Amino acid sequence: MKKMWKKSMLSIASLGLAASVLAACSDDTKEVGSADEFKGKITVWDGPRWPDKDENKFHWLEAKIKEYEEAHEGVEIELVQVPWAEMGDKLGVAIAGKSWPDIAPVDISGSAVSIDHIEQGVVEPLDDYFDKEAKADFYENALDAYTYDGKMYGIPNSITLHSMLLNLDLFAEAGVTPPEGGEWTYEEFLDAAKKLTFDRDGDGKIDVYGFSTYIMPGYYEAWPFFYKNGGSPLNEDMTEFTFDTPEVVQAIQDLADLKLKEKVAPETHGGNDVGGTFQAWANEEQRTVAMQPWATWAIGAAQGKYPTNFAVANYPTGESEKPTTIGGVGGWVMFHQGEDANKKAAVADFMKFISTAEEQYHMAQNYGIFPARVSAAEMDPFKDNPEMTRAMEMSDQVVMLPRHPEWRKIDEAIQTQLQLVFNGEKSAEDAMADAKKAVDELLK
């Protein structure tokens, strides 16, 4: 299996940061407890993953919990089901109220463990439970995403990237040829989007649109379009806001104008309905959109619950003439455990139990992600999956989001303004000028 991504691409945003982790999470003199000595409850949050035959999207973790409880008498693991779109806000509320779970997932869209959470002292380091040999089984870039100030904060579980998914049946219906090798310029993409927007039943109303996506904090399917002319949200040392350059402003306006000017995207384009957006592409009873960008989990969904005749393509290129995508590393983090060393050891033990090479291989085949463990990748989970293999070929196009301690607030400031652009309430230039004011305050 091809080595995932390049370390330099994942690490550039971590330069220049100074750690100030609270002693509650960094005291190396504390006793390392025994998982076997712990009796009590462990609380785990998770979002929906792939469905079973009964449409239960939490069946995988439920089965692992049952298996672990049966092998560890006196341990009870409570699963709290949280929609992915609500995970960040709910964790923020829980942290504010000091009522956090023991274990929570890091969404693959979020790219890495939150430095903000680390600096608040609410995320525990796990170095006591992983020796050098154990850490060596993780791809270096995946481990980097969970490392801060030389310490390991969490277990990388999955790697993803975003790609363009093309409904080939709609391409055939409209008589449009997909991009050769999945490579195209923005002009070629726009031309295809226009041809893929059509009135199917002759009633004078558009039935199928060429493209759509959504915009909301914490999600980045649209963002590779904003990189097409070069540029990034912050400069390399993360001291300046740079999404207001002419190149980026034009790229943002171009994507919004697919709805506002070109009329090749539905009114929902740029909204915040994640599920509805996906259904418009994948649901056999709808399929009103021909092209959408998604993380690799959507490939698994289109091969499973929503069988679709589709192809994987690069994001279109702009002035930079280089295809770009955004990647993420999902995983698990442990929240602060207080003075109970045995419970901390048990929490770490369960996290390791659900993060083995076998579990990552299983998740890769069913959930449409790339394993974060080298040994899981060497099992070759995609040997019979050309779509995932094609997505994996895009790994050298990956850029990572800035790992700034205030990134969550920076992201919210940018995405809120982006929504106004897509709603037609502001130009991209004005929106990014307003975003700059808010972000500059956070960068001080």
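This is a short tour of a predicted model, with selections to make one after another.

**Stop 1: strand S10**

Select residues 325–334, which form strand S10. Ten of the ten residues of S10 are buried, so the strand is largely enclosed by the rest of the structure. In a regular strand, side chains alternate between the two faces of the sheet. Colour the two sides of S10 separately: one has Thr325, Gly327, Val329, Gly331 and Val333, and the other has Ile326, Gly328, Gly330, Trp332 and Met334. Both faces are covered.

**Stop 2: the partners of S10**

Keep S10 on screen and add strand S3, residues 103–106. S3 and S10 run antiparallel and are joined by four bridges. To find one of these places, pick alanine 104, whose bridge partner in S10 is valine 333.

Next add strand S6, residues 155–167. S6 pairs with S10 over six bridges, in the antiparallel sense. Here threonine 160 has glycine 328 of S10 as its bridge partner.

Then show strand S12, residues 398–399. S12 pairs with S10 in the parallel sense, over two bridges. Threonine 325 is bridged to valine 398 of S12.

**Stop 3: the cavity**

Rolling a probe the size of a water molecule over the atoms shows where empty space is left. How many cavities of 30 Å³ or more does the structure hold? There is one. The largest cavity has about 70 Å³ of space. To see its lining, select Arg49, Trp84, Pro105, Val106, Asp107, Ile108, Asn157, Ser158, Gly330, Gly331, Trp332 and Tyr367. Strands S3, S6 and S10 each give two or more residues to this lining, and S10 gives the most, with three. By class, six lining residues are nonpolar, four are polar and two are charged.

**Stop 4: threonine 43**

Go to strand S1, residues 40–46, and select threonine 43. Is this residue buried or exposed? Threonine 43 is buried, because its relative accessible area is 16%, and buried means under 20%. Apart from neighbours within four places in sequence, threonine 43 is in contact with Glu78, Val80, Pro101, Asp102 and Ile103.

**Stop 5: helix H17**

Finish with residues 407–422, helix H17. Its 16 residues reach 22 Å from first C-alpha to last, close to the 22 Å expected at 1.5 Å a residue. Among its buried residues are Trp407, Ile410, Ile414, Leu418 and Phe422. The buried residues of H17 pack against helices H9 (223–226), H10 (246–260) and H18 (428–443). Just after H17, select glycine 424, which takes a positive phi of about 80°.

Conventions
Residues are numbered from 1 along each chain as its sequence is written. Side-chain values use heavy atoms; hydrogens and water are left out. Buried means under 20% relative accessible area, exposed over 50%, partly exposed in between (1.4 Å probe, protein chains only). Contact means heavy atoms within 4.5 Å. On a 1 Å grid over the protein atoms alone, a cavity is a set of points where a 1.4 Å probe fits but cannot get out, and a pocket is an open set with protein on both sides within 12 Å along at least five of seven lines; lining residues have an atom within 4 Å of a point. Grid points are joined across faces, edges and corners, and a volume is the space filled by probe spheres set on the points. Ala, Val, Leu, Ile, Met, Phe, Trp, Tyr, Cys and Pro count as nonpolar, Asp, Glu, Lys and Arg as charged, and the others, Gly among them, as polar. The expected span of a helix is 1.5 Å times one less than its number of residues. Two strands pair if DSSP finds at least two bridges between them.
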